[in-house]
Amino acid sequence: MTRDALDDWLAPYAARSGASRGRRLAEPEAATRSAFQRDRDRIIHSTAFRRLEYKTQVFVNHEGDLFRTRLTHSLEVAQIARSVARNLRLNEDLVEAISLAHDLGHTPFGHAGQDALHECMQPYGGFEHNLQSLRVVDELEERYAGFDGLNLCFETREGILKHCSVENARLLGDVGERFLLKQQPSLEAQLANLADEIAYNNHDIDDGVRSGLITLTQLLEVPLVARHAHTVRNDHPELPGRRLVHETVRRMINTLVVDLVAESGHRIAAAAPRSIDDVRNALPLLGFSPAVRAEADELKRFLLRNLYRHYQVMRMSAKARRVVTDLFNAFMDEPRLLPQDHQARAERDRPRAIADYVAGMTDRYAMKEHQRLFAVGET
Ligand code: MG
């Protein structure tokens, strides 16, 4: 579909590349791609995107080849988000760009790494991973002759900045405004957020079972899982464990997606937004029905209790926190330990430059760097 035909096909409340609020620095339009397609392409070509392959989702990258990483997680988010977008006639290119970029600012070692870095940065304005994703695309990528970062469209940047403290929102200009005015972002941004939730809840079940940290019997305590596992067993009584889990998980994803499309369709019809501005001034218009929301929350609580707080995950998290904290402190004490180009940044703002350096590390790079700095006999 051509750019103009796509804009005609979209719902009136969708984001249109032709009506974008623009890039930070004006650029001529691409010959063959819409502005949002171009954003997606810039994200895929970025260094930060390739690093996602070696960053932890829940399981540290070296723990096994088949667990999700931030990269495969981001691809699953984009896939779910696109299929919902097409059903609601939202802008698939934009939602794909946001989904692929949403975790670019994540530290090594998942949430443990991010919590540790936030603690280290507490006296210097803290560390928020959504804000870091925005820093990556606005400032930290060094690829283009004319500007730092990727110079993405406002709508993509607004979607990347999912959460933000009021103090930081005040410093951010255009993308910070909605947090001060209590407005909503585009439906594409709201959708990427919900697709993120659908993706991680379901793939964490799969990875949890694969790792042996959660069992099928435990999982059947969760009503949403039990309901679908029951149907699968009825349809296929002889199905072995792994296929049973996969069949159950795919049906759960389907239920969540179908419910999200239906419930959001009702809410949109009731609010009848005629433009993206109406969307910004309405309550959140995308979401699950109350019954499915409750089931999804129950699943989240199950994963928190049984997977994220499993002692083996906690041990890895404790180690990750130590690695991140040690690295940060070592560089703060002696910035001349930093690689040259980071030293230059550290002269302007030492803690932020160190946070950027540490946040950009992959899991294995962080461990290697920790060895280089702390292990006697390492070079
Ligand atoms: Mg995510």
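Q: What spacing do the donors of the magnesium ion follow along the chain?

A: In this predicted model, the donors of the magnesium ion are spaced as H-x28-H-D-x92-D along the chain.

Q: Why does the pair His73 and Asp103 tie together parts of the chain?

A: His73 belongs to helix α4 (residues 70–88), whereas Asp103 sits in the loop between α5 (92–101) and α6 (110–120), so the pair links parts that are 30 residues apart in sequence.

Q: Which atoms coordinate the magnesium ion, and at what distances?

A: As a general reference, ideal angles at a metal are 109.5 degrees for four tetrahedral donors, and 90 or 180 degrees for six octahedral ones. Here, the coordinating atoms come from His73 (NE2), His102 (NE2), Asp103 (OD) and Asp196 (OD), at 2.2 to 2.7 Å.

Q: Are His73 and Asp103 buried or exposed?

A: Both His73 and Asp103 are buried.

Q: How many cavities of 30 Å³ or more does the structure hold, and what lines the largest cavity?

A: Rolling a probe the size of a water molecule over the atoms shows where empty space is left. The structure holds two cavities of 30 Å³ or more. The largest has a volume of about 50 Å³, and its lining includes His102 and Asp196, both of which also coordinate the magnesium ion. Helix α11 (residues 187–211) gives the largest share of this lining, four residues. By character, the lining has three nonpolar, three polar and two charged residues.

Q: What is the character of the residues that line the second largest cavity?

A: The lining of the second largest cavity has seven nonpolar residues, one polar and no charged. Among the lining residues are Ile205, Leu244 and Thr248. The elements giving two or more residues to this lining are α12 (216–219) and α14 (241–271), and α14 provides the largest share, four residues.

Technical notes:
Residues numbered from 1 in each chain as written. Predicted model: local features only at pLDDT ≥ 70, side-chain atom pairs only at ≥ 80, totals over all residues. Heavy atoms only, no water. Donors = N, O, S within 2.8 Å, 3.2 Å for Na, K, Ca; no water. Buried < 20%, exposed > 50% of the residue type's maximum accessible area, 1.4 Å probe, protein only. 1 Å grid on protein atoms, 1.4 Å probe; cavity = no way out; pocket = protein on both sides within 12 Å on 5 of 7 lines; lining within 4 Å. Points joined across faces, edges and corners; volume = space filled by probe spheres on them. Nonpolar A, V, L, I, M, F, W, Y, C, P; charged D, E, K, R; others polar.
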